[in-house]
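Subject: Structure handover

Hello,

Here is the structure I said I would pass on. My notes on it are underneath.

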Amino acid sequence: MSFLSVVKAADLSALKGSGLVGLAPTPMKKEEHDAPMTSGIPGFVAQLKDSKDFNTDFDSVFSIYLSNDEAVKGNIIFGGANLDKYAKKGLKDDDIHWFAQSSNNAYWASDLAKSSFGKKVLNQKPQQVIFDNGMSFAMAPQKAFIQFAKSLFKEHGILCQPSQPLWSCSECTAEKMKKLPNLKFDILTDKSGKTKTVEMPPSSYLRLDENYNDVAWLLLTPWEFQGIGGKKGEEYWVLGAQFLQ
């Protein structure tokens with residue numbers, strides 16, 4: 001089994017990060033298997049699936065623990081999960097919810113039946129959601145983001161505008177945040193159309209600025225999908241570490 005650990009990547013000088021390469025569910029290509037030195041090395045997950053020990057000596061699962069405490073390190077486990085050590089106290093295997101992989105194998109992505117904010121439905125057509133533990137914020141399809149921002153202003157009196165490094169929101173107080181609804185995502189669990197609702201609380205999409213009164217930063221930014229593996233017109237949410245925690 002091969003691991004590739006990134007220290008510095010060419011042509012990605014603006015991306016400050018490190019870690020393992022190839023954890024996406026992208027299947028191994030024939031040319032990668034036959035001639036990796038000339039065609040490229042397949043990703044880690046692709047190598048797992050190609051291993052003769054796949055589903056024999058280890059479970060086809062890897063799990064990531066993300067900590068909210070800077071003094072507590074995160075962890076990644078290949079071959080399963082340690083719920084006793086890393087999950088909320090009392091949770092068992094039955095509490096784990098599994099979602100079907102979408103047609104885009106370039107990411108860990110699932111099909112989204114509905115996204116909503118309070119009573120406001122944010123999507124006009126089926127969307128996909130990408131789970132990305134390497135991001136510290138979230139990204140929303142541009143049309144859905146506009147509906148979300150309008151609802152924040154019209155129904156809750158919080159005005160959000162483009163700023164740097166993120167969108168800034170005025171007239172946002174701790175009292176208003178207590179009354180904000182969760183962002184909800186109805187994600188398909190299987191091909192039958194059955195869904196499971198997962199939620200993002202206000203503290204995960206909006207953060208008060210400690211230095212200014214009634215000002216907050218929106219941990220959500222609009223985008224139009226320009227990644228790999230998708231098709232023109234598809235809409236994707238990207239849920240980062242603040243959601244996965």
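The notes below cover one sheet, its loops and a surface patch.

Please keep in mind that this is a predicted model.

The sheet is open and antiparallel, with 4 strands in the order S9-S10-S14-S13. Its edge strands are S9 (159-161) and S13 (206-208), each of which pairs on one side only. On average, neighbouring strands of this sheet are turned by 30° against each other, direction ignored. S9 and S10 (residues 167-170) run antiparallel and are joined by 3 bridges; in one bridge pair, cysteine 160 has cysteine 169 in S10 as its partner. Helix H5 (residues 142-156) lies across S9, S10 and S14 (215-218), and runs at about 165° to S14.

Some backbone geometry in the loops should be listed. Most residues other than glycine have a negative phi, and most peptide bonds are trans.

- The loop between S9 and S10 holds proline 165. A cis peptide bond joins glutamine 164 to proline 165, with omega about 5°.
- Glutamate 171, in the loop between S10 and helix H6 (174-179), has a positive phi of about 60°. Glutamate 171 is partly exposed, because its relative accessible area is 49%.
- Aspartate 214, in the loop between S13 and S14, also has a positive phi, near 60°. Its relative accessible area is 38%, so aspartate 214 counts as partly exposed.

Elsewhere, Ile64, Ile76 and Phe78 make up a nonpolar surface patch with about 200 Å² of accessible area together. Isoleucine 64 belongs to strand S3 (residues 62-65) and is partly exposed, because its relative accessibility is 34%.

Regards

Notes: Residues are numbered from 1 along each chain as its sequence is written. This is a predicted model: local features need pLDDT of at least 70, side-chain atom pairs count only at pLDDT 80 or more; totals for chains, interfaces and linings use all residues. Side-chain values use heavy atoms; hydrogens and water are left out. Patches are made of residues with over 30% relative accessible area and no salt bridge: like charges are joined within 9 Å, nonpolar side chains (Val, Leu, Ile, Met, Phe, Trp, Tyr) within 5 Å. Accessible areas come from the Shrake-Rupley method with a 1.4 Å probe; for residues, only the protein chains shown count as cover. A salt bridge is a side-chain nitrogen of Lys or Arg within 4 Å of a carboxyl oxygen of Asp or Glu. Helices (H or I, at least four residues) and strands (E, at least two) are DSSP runs, numbered from the N terminus. Buried means under 20% relative accessible area, exposed over 50%, partly exposed in between (1.4 Å probe, protein chains only). Two strands pair if DSSP finds at least two bridges between them. Axes are lines fitted to C-alpha atoms, for helices over the stretch in contact, and angles run from 0 to 180 degrees between N-to-C directions. Contact means heavy atoms within 4.5 Å.
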